[in-house]
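Grab a pencil and work through these exercises with the structure open beside you. Try each task before you read its solution.

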Amino acid sequence: MAGVAACAVLATGAPIAYATLGSEAPAEARATAVRGAEYVETRLFFGTERPDGGPDVTDPQFLAFVDRYVTPDFPDGLTIQDGRGQWRDSNGVIERERSYELILLYPASETRLRDPQIERIRAAYEKAYAQDSVARLDERTLADF
């Protein structure tokens with residue numbers, strides 16, 4: 001996903017750079033600049049430690065959560081990455097924990113449909129695992145499959 005986003009950023013800047021130099025962009029650069037359809041990339045960040053002192057969320061628990069709450073609304077695909085995170089909890093304590101990053105990619109035209117689905121995922125995880133929050137990041141991008 002990062003490669004797709006990086007290519008989209010670089011491709012968007014390429015015609016400007018060529019225009020500044022006063023020459024026409026090569027055919028490859030022109031083709032890259034318009035490749036792909038408009039998509040939204042949503043990243044959700046799930047902590048695994050429970051503020052209530054319960055046991056950490058395990059890999060099998062998280063994958064079962066994805067099967068139940070994510071896959072039904074996003075059956076075409078998703079990406080899960082393991083991570084380490086840090087944030088200040090509701091008690092003011094700096095928490096460092098193992099985390100999951102869930103990446104969803106969907107056509108920009110589906111944003112109104114997808115927003116409530118994503119919010120249900122966040123709320124379900126917060127409730128199921130006593131989390132203060134599930135962070136969300138949305139970015140527009142171009143994607144080609």
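**Exercise 1: How are two helices arranged?**

Task: Work out which word describes the angle between α3 and α4: parallel, antiparallel, perpendicular or oblique.

Solution. Keep in mind that you're looking at a predicted model.

Step 1. Find the two helices: α3 covers residues 59–70 and α4 covers residues 111–128.

Step 2. Look at their axes, which come within 10 Å and cross at roughly 140°.

Step 3. Compare that angle with the cut-offs: roughly antiparallel needs over 145, and roughly perpendicular runs from 65 to 115. The pair fits neither class, so α3 and α4 are oblique to each other.

Step 4. Add the handedness: the crossing of α3 past α4 is right-handed.

**Exercise 2: What sits between them?**

Task: List the residues through which α3 and α4 touch, then sort them into nonpolar, polar and charged.

Solution.

Step 1. On the α3 side, pick out F62, F65, Y69 and V70. On the α4 side, you want I121, A124 and Y125.

Step 2. Now sort them: seven are nonpolar, with no polar and no charged residues.

Here's a handy rule to go with that: in soluble globular proteins, nonpolar side chains tend to be buried together.

**Exercise 3: Find the core**

Task: Say which residues have the most contacts inside the largest nonpolar core, and which elements give two or more residues to it.

Solution.

Step 1. The largest nonpolar core has 20 residues, and F46, F65, V70 and Y125 have the most contacts inside it.

Step 2. Two or more residues come from each of β1 (37–47), α3, β3 (94–107) and α4.

Step 3. Zoom in on F46. Leaving out residues up to four places away in sequence, F46 touches F62, F65, R98, S99, Y100, L102, I121, Y125 and V134.

Step 4. Zoom out again: 30% of the chain's 145 residues count as buried.

**Exercise 4: One residue in a loop**

Task: Decide whether D132 is buried, partly exposed or exposed, and name its contacts beyond four places in sequence.

Solution.

Step 1. Locate D132 in the loop between α4 and β4 (135–143).

Step 2. Buried means under 20% and exposed means over 50%. D132 has 32% relative accessibility, so D132 is partly exposed.

Step 3. Outside its neighbours within four places, D132 is in contact with P51, W87, D89, S90 and E126.

Step 4. Take D89 from that list. D89 and D132 are 43 residues apart along the chain, but their C-alpha atoms are separated by 7.2 Å.

How values were computed
Residues are numbered from 1 along each chain as its sequence is written. This is a predicted model: local features need pLDDT of at least 70, side-chain atom pairs count only at pLDDT 80 or more; totals for chains, interfaces and linings use all residues. Side-chain values use heavy atoms; hydrogens and water are left out. Axes are lines fitted to C-alpha atoms, for helices over the stretch in contact, and angles run from 0 to 180 degrees between N-to-C directions. Helices (H or I, at least four residues) and strands (E, at least two) are DSSP runs, numbered from the N terminus. Angles under 35 degrees count as roughly parallel, over 145 as roughly antiparallel, 65 to 115 as roughly perpendicular and the rest as oblique. A crossing is left-handed if the near helix is turned anticlockwise from the far one by less than a right angle, and right-handed if clockwise. Contact means heavy atoms within 4.5 Å. Ala, Val, Leu, Ile, Met, Phe, Trp, Tyr, Cys and Pro count as nonpolar, Asp, Glu, Lys and Arg as charged, and the others, Gly among them, as polar. A nonpolar core is a set of buried Ala, Val, Leu, Ile, Met, Phe, Trp, Tyr and Cys residues joined through side-chain atoms within 4.5 Å. Buried means under 20% relative accessible area, exposed over 50%, partly exposed in between (1.4 Å probe, protein chains only).
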